[in-house]
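I opened my notebook today to look up a helix and some cysteines. Here is what I wrote down as I went.

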Amino acid sequence: MNIAISGASGFIGKHLTEYLTERGHRIVPLGRPMFREGTSGHLIQALSHCDVVINLAGAPISKRWTPEYKKELYDSRIKVTHRIIRAMDAVKTKPRLMISASAVGYYPEDGTFDEYTNTRGSGFLAELCYAWEKEARRCPSQTRLAVTRFGIVLSPDGGAMEQMLRPLRITRVAGVIAPGTQPFPWIGIQDLCRAMEFIINHEVLSGVFNLVVPQQVSQYAFTRAMAARYHAWMKVVIPRWFFRMQYGEAASFLTSGQNVRPTRLLEAGFRFDKPTIEAFFEGTDHSTVDELDLQRYMGTWYEIARFDHRFERGLSEVTATYTLLPDGTVRVENRGCKHKKPYDVCKTAEGRAKVPDSSQPGKLKVSFFLSFYSDYYVLELDQEEYNYVLIGSSSDKYLWILSRTPILPEEIKKKLLDAAIRRGYDVDKLIWVEQREKNLK
């Protein structure tokens, strides 16, 4: 499908773009220039061949709500949505689906709510969500509309969680936002992407959907789980006045919250991968790629980065060369050097690899010592060109970034680092491997 996304450069938009692209969809980013006065033609042209429009645009709410910034929050949501609707009205072939974002801030703070609740809350955030959704409902009648009310979207590499993790990693102290008893409605970024894809694929689904997990937790319970996962030494309660001083009226979205249930998603048959905060923080995500063409995977890979371990300690210029054998197994040759005077000492290790279960092609077994096989998990892979890969195992002790070339572009490094962080790896432990000039030519 051709899927247009406004807000594609934001935290959620980047993850969703990558997720949908990996599943074969073509993404059409709707950039800010398309929403300027006098540029409606560019927006109409962008939407003219799109099957789905996903509207994520909106300035972040985690800033002080001055009168000027309230206007920006409003304009970046309602005005952008209005222009998308106008462009949809103008195109000859209407998109089959529009998904327009909103937030669980729509609901009151007291009580438990789902999509069948008609009551909305009071205050600026609830009014903002109401106006945003009202504008989205003006979409053409031929277009199926889904309004997705997001909870707090969690991922270690961005959004609210990244902001909470930054001081924790430095100080090893986890901060509880007072009073701590306030509801913490949340969803993991992968489940959010999966839920969006679920709505796209199920053409009978329309209307409001709460994108939150079924479990209801407090802010304290969330912080306790995060503190345990990232080995905080202690937890401290940060008083409300601190947030009021920093954010003013906007502090309310931190010091209060809503109890919300995803009733309609569950009724439709959607199942969360991480339905509880315990599951979200249970450890490293070792899930592998669904497809692996062994023939294309063969050849030489350069080691760009690794977790230190005794088999490669002190080695640079490390390469791994794979050769597919007639019996379907793989010959593995690892090579690396230690720089010592008066000459370098290089060593080679030869082993075998195999795919023990054809239904899980990303999980290999590798042996360098007789019949003792170790896990080799292909976590992330450049499916188009097979130019770079992220490798792990069933243990958190091992992680590698490999490339077909001795130098990996910075944007690809960042992409793989972000993927490793999302999976729960501590990328600060990575050692960046030296590749000498003779390998760079």
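**Entry 1, a helix.** I am working with a predicted model. I started with helix α13, which covers residues 410-422 and so has 13 residues by the program's count. From its first C-alpha to its last, α13 reaches 18 Å, close to the 18 Å expected at 1.5 Å a residue.

Which residues of α13 are buried? I listed Ile412, Lys413, Leu416, Leu417, Asp418, Ala419, Ala420 and Ile421. A reminder to myself: an α-helix has 3.6 residues a turn, so residues three or four places apart point the same way. Then I looked just after α13 and found Gly424, with a positive phi of about 100°.

**Entry 2, the disulfide.** How many disulfides does the structure hold? I found one. The bond joins Cys337 to Cys346, with 2.0 Å from S to S. I noted its handedness too: the torsion about the S-S bond of Cys337 and Cys346 is about 100°, so this disulfide is right-handed.

Next I checked how much of each partner is accessible. Cys337 counts as buried because its relative accessibility is 1%, under the 20% cut-off. Cys346 has a relative accessible area of 36%, so I put Cys346 down as partly exposed.

**Entry 3, cysteines without a partner.** Cys50 is in no disulfide, and the nearest cysteine sulfur, that of Cys139, is 15 Å away. At 5% relative accessibility, I marked Cys50 as buried.

Why does Cys193 not bond to Cys50? The closest cysteine sulfur to that of Cys193 is in Cys50, but they are 18 Å apart, too far for a bond. I have Cys193 down as buried as well, at 0% relative accessibility.

How values were computed:
Residues are numbered from 1 along each chain as its sequence is written. This is a predicted model: local features need pLDDT of at least 70, side-chain atom pairs count only at pLDDT 80 or more; totals for chains, interfaces and linings use all residues. Side-chain values use heavy atoms; hydrogens and water are left out. Helices (H or I, at least four residues) and strands (E, at least two) are DSSP runs, numbered from the N terminus. The expected span of a helix is 1.5 Å times one less than its number of residues. Buried means under 20% relative accessible area, exposed over 50%, partly exposed in between (1.4 Å probe, protein chains only). A disulfide is a pair of cysteine sulfur atoms within 2.5 Å.
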